[in-house]
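Let's take a walk through this model, starting at the place where its parts meet and then following the chain from its beginning.

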Amino acid sequence: MATIDPLAEIVTLLKPMARFSKQVACTAPWRIYRDGTGEPFYCAILEGSCRIAFGTGPAVVLLTGDFVLAPAMRALRIESLDAPPDLPANQPEKLGEGLFHVGRRDGSTDLRMRIGHCRFDTHDAALLVSLLPDQVIVRDQPRLTTLIQLIDEEARAQRAAHELVLERLLEVVLIEAMRSASAIATAPSLARGLADERLAAALRAMHMQPERAWTMAMLAQEAALSRSAFFTRFSRSVGLPPMEYLLIWRMALAKQLLRQPGLGLEQVAQRVGYGSASAFSVAFARRTGMPPARYARAHMM
């Protein structure tokens with residue numbers, strides 16, 4: 001049986017699509033504010049340094065070569081290191097196609113960055129994004145900068161099959177960013193759980209056999225841990241109790257299956273680990289707010 005990669009499965013189901021990207025040149029002092037969109041946002045620092053903060057979180061200094069990914073962007077503040085507290089927000093000035101400037105008109109450019117906004121082309125985005133970290137910061141990974149450049153070139157070229165190519169490139173960027181950051185991650189997330197060999201075994205088992213009647217004891221056995229040790233370690237690393245994670249993943253799969261023509265409720269129920277259509281219907285309605293039959297009618301492919 002082929003090995004299942006949980007991170008790749010989730011990113012593939014999210015179906016990332018590019019909205020737009022641009023290169024921004026900055027002359028200090030400067031500050032940019034953006035309201036939260038709840039959609040994916042990335043930023044690659046090509047040259048220079050700055051500060052970035054999401055929501056009410058702490059500001060983080062970014063340097064040349066750093067990459068930031070927010071799967072669901074909260075309110076954003078990004079600014080020069082010398083920006084005084086009372087500096088008003090700047091409006092980026094368009095210089096050309098995909099090229100903008102922020103800050104003083106005179107003086108030399110002290111920062112260049114490429115930023116991009118995306119969307120997830122799936123009805124299950126909120127459910128799946130809840131399994132990802134709020135933000136990822138990757139230091140000194142030239143591969144990501146190269147990938148971002150490829151995305152920008154592909155978006156502008158408008159060649160045949162460019163939407164498919166963009167989707168695949170964005171999938172690679174998301175996976176590369178999260179696996180690059182997993183080794184140093186401190187916030188709970190799926191990537192941090194996968195970096196733990198014991199927990200990764202249990203996560204892969206859940207994704208490989210979602211139809212199996214998993215119990216806490218069975219998952220702990222996959223991780224070669226006691227039930228209490230497994231529960232504590234999984235919850236601390238992933239940010240959710242094991243059975244809650246399993247439920248979220250099963251519901252995401254169920255939504256995908258319900259959109260496919262020709263599958264009855266009994267078949268969908270069996271594929272996501274429920275012994276009957278009625279038990280599945282109760283769990284699905286409790287989680288999503290509507291019965292599965294109604295969901296299927298509303299979202300049939």
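**Two domains and what lies between them**

Between domain 1 and domain 2 there are 0 salt bridges, a salt bridge being a side-chain nitrogen of Lys or Arg within 4 Å of a carboxyl oxygen of Asp or Glu. Before going on, a word on ground rules: this is a predicted model, where local features need pLDDT of at least 70 and side-chain atom pairs count only at pLDDT 80 or more, while totals for chains, interfaces and linings use all residues. Residues are numbered from 1 along each chain as its sequence is written, and side-chain values use heavy atoms, with hydrogens and water left out.

The two domains are residues 6–183 (domain 1) and 196–299 (domain 2), with bounds from an automatic or database domain assignment. Their C-alpha centres sit 32 Å apart. Where they touch, domain 1 puts in 11 residues and domain 2 puts in 16, counting heavy atoms within 4.5 Å as contact.

So what do the domains bury between them? It comes to about 1200 Å², with 69% of that on carbon and sulfur atoms; buried area here is the accessible area (1.4 Å probe) that two parts lose on being put together, summed over both. On the domain 1 side, Pro6, Leu127 and Leu131 lose the most area to domain 2, and together they make up 42% of what that side buries.

Polar links get a short entry: 1 residue pair is in polar contact between the domains, both at pLDDT 80 or more. That term means a pair of N or O atoms within 3.5 Å; within protein, one must be able to donate a hydrogen and the other to accept it, and residues adjacent in sequence count only if both atoms are side-chain atoms.

Now look at which elements domain 1 brings to the contact. Those giving two or more residues are α1 (6–14) and α2 (125–129), and α1 supplies the largest share, 4 residues. Helices (H or I, at least four residues) and strands (E, at least two) are DSSP runs, numbered from the N terminus. The protein chain has 12 helices and 11 strands.

**Along the start of the chain**

Just after α1, in the loop leading to β1, is lysine 15. Its phi is near 55°, a positive value in a residue other than glycine. Further on, the loop between β1 and β2 holds proline 29, and the peptide bond into it from alanine 28 is cis, with omega near -5°.

The structure as a whole holds 15 salt bridges. One of them joins arginine 19 to glutamate 39, with the closest N and O atoms 2.9 Å apart. Arginine 19 is in strand β1 (residues 16–27) and glutamate 39 is in the loop between β2 (31–34) and β3 (41–48), so the pair links distant parts of the chain, 20 residues apart.
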